[in-house]
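I opened my notebook to keep a careful record of what I looked up in this structure. The entries follow the order in which I went through it.

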Amino acid sequence: MAYLPAVNIEQIATRALELAKNDLAQHGRVPAVALRIEDGVLDVQDVREFFADVAGKETLALIMRTSALLGADALGLVTEAWWAAPDKAPASGRGLEHAPGRRECIQVNVQAKTGWVTLSQFFGRDPKGAPVLEELETHRSSDPASTGWGGLMMNWYRVG
């Protein structure tokens with residue numbers, strides 16, 4: 001655990017992204033981790049086992065929501081993800097890994113009662129399979145009840 005003098009979701013997300021980029025460069029992958037900040041203390045937990053199926057992801061979402069309701073100052077999730085443009089979505093019932101033109105990214109989501117920030121660092125792979133970083137996209141909201149980009153997907157602090 002690390003001590004954080006103040007909870008700043010932008011700084012937490014930026015630092016988590018830097019650590020994830022180091023993992024990607026060194027190991028060719030990013031382990032899925034959950035971040036929990038309470039009273040200035042950061043706790044990081046490996047959550048890879050929750051990504052095996054939909055039930056696991058739903059369980060992780062419930063754990064995160066419960067943690068928010070029990071008083072966490074901020075929560076985060078760092079994962080590798082697939083991204084596809086809306087017009088390139090895969091056929092019904094198929095995952096994004098089957099979408100034409102899909103892209104890999106490191107995705108960092110950090111949320112607090114005051115809002116959320118999502119960083120998506122896209123990367124490709126060279127002919128040997130080594131990751132090559134591409135552009136970074138940032139989305140944020142100071143409205144924690146936001147129903148916009150990412151707001152409904154993982155808004156652990158949403159009321160109602």
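**Entry on T79**

I started with T79, which counts as buried because its relative accessibility is 9%, and buried means under 20%. The model I am reading is a predicted one. I looked up where T79 belongs and found it in strand β4. Setting aside residues up to four places away in sequence, I listed what T79 touches, and the list reads A32, F51, C105, I106 and Q107.

**Entry on the whole chain**

I then stepped back to the protein chain, in which I counted two helices and seven strands. Reading from the N terminus, I wrote the order of the elements as β-α-β-β-α-β-β-β-β. The chain has 160 residues, and 40% of them are buried. For its accessible surface I noted about 9,200 Å², with 55% of that belonging to carbon and sulfur atoms. I also checked the contacts with a separation of 6 or more, and 57% of these are between residues 24 or more positions apart.

**Entry on β5 and the strands beside it**

Is β5 enclosed or open to the outside? I found that nine of its 10 residues are buried, so β5 is largely enclosed by the rest of the structure. On one pairing, β4 and β5 run antiparallel and are joined by 10 bridges, and here I marked A81 as standing opposite C105 in β5. In another pairing, β5 and β6 also run antiparallel, with nine bridges between them, and N109 stands opposite T118 in β6. I noted as well that β5 and β6 form a hairpin, with two residues between them.

**Entry on the cores**

Which residues touch the most other members of the largest nonpolar core? This core has 21 residues, and I wrote down L35, V78, I106, V108 and V110 as the answer. I then looked up which elements supply the core, and α1 (9-27), β2, β4 (74-83), β5 (103-112) and β6 (115-125) each give at least two residues. The helix α1 gives the most, with seven residues.

I followed I106 a little further, leaving aside its neighbours within four places in sequence, and found it in contact with several residues, among them L17, L24, V30, V78, T79, L119 and F123. There is also a second, separate core of 10 residues, and I noted that V47, L60, M64 and L77 are included in it.

**Entry on the hairpin of β2 and β3**

Next I turned to β2 (residues 33-38) and β3 (residues 41-46), which run antiparallel and are joined by six bridges. Within this pairing I saw that R36 stands opposite D43 in β3. The hairpin has two residues between its strands, and D39 lies in this loop between β2 and β3.

I stopped at D39 for its backbone angle, since its phi is positive, about 50°, although D39 is not a glycine. I reminded myself that most residues other than glycine have a negative phi. Is D39 buried or exposed? Its relative accessibility is 61%, so D39 counts as exposed, the cut-off for that being over 50%.

**Entry on the aromatic rings**

I searched the whole structure for aromatic pairs and found one. In this pair the ring centres of W83 and F122 are 5.6 Å apart and the planes stand at 80°, so I recorded the pair as edge-to-face. Because W83 lies in strand β4 and F122 in strand β6, the pair ties together parts that are 39 residues apart in sequence. When I compared their exposure, W83 came out as partly exposed, with a relative accessible area of 32%, whereas F122 is buried, with 1%.

I also looked for charges over rings, and I noted that the charged end of R103 sits over the ring of F122, 4.2 Å from its centre. Elsewhere, R102 lies over the face of W82, at 4.9 Å from the ring centre.

**Entry on W116**

My last look was at W116, which has its place in strand β6. Its relative accessibility is 4%, so W116 counts as buried. How far apart are the C-alpha atoms of W116 and S141? I found a separation of 5.4 Å, although W116 and S141 are 25 residues apart along the chain.

Terms used:
Residues are numbered from 1 along each chain as its sequence is written. This is a predicted model: local features need pLDDT of at least 70, side-chain atom pairs count only at pLDDT 80 or more; totals for chains, interfaces and linings use all residues. Side-chain values use heavy atoms; hydrogens and water are left out. Two strands pair if DSSP finds at least two bridges between them. Helices (H or I, at least four residues) and strands (E, at least two) are DSSP runs, numbered from the N terminus. A nonpolar core is a set of buried Ala, Val, Leu, Ile, Met, Phe, Trp, Tyr and Cys residues joined through side-chain atoms within 4.5 Å. Buried means under 20% relative accessible area, exposed over 50%, partly exposed in between (1.4 Å probe, protein chains only). Contact means heavy atoms within 4.5 Å. Accessible areas come from the Shrake-Rupley method with a 1.4 Å probe; for residues, only the protein chains shown count as cover. Rings of Phe, Tyr and Trp (its six-membered ring) pair if their centres lie within 6.5 Å; planes under 30 degrees apart count as stacked, over 60 as edge-to-face and the rest as tilted. A charge sits over a ring if NZ of Lys or CZ of Arg is within 6 Å of the ring centre and within 35 degrees of the ring normal.
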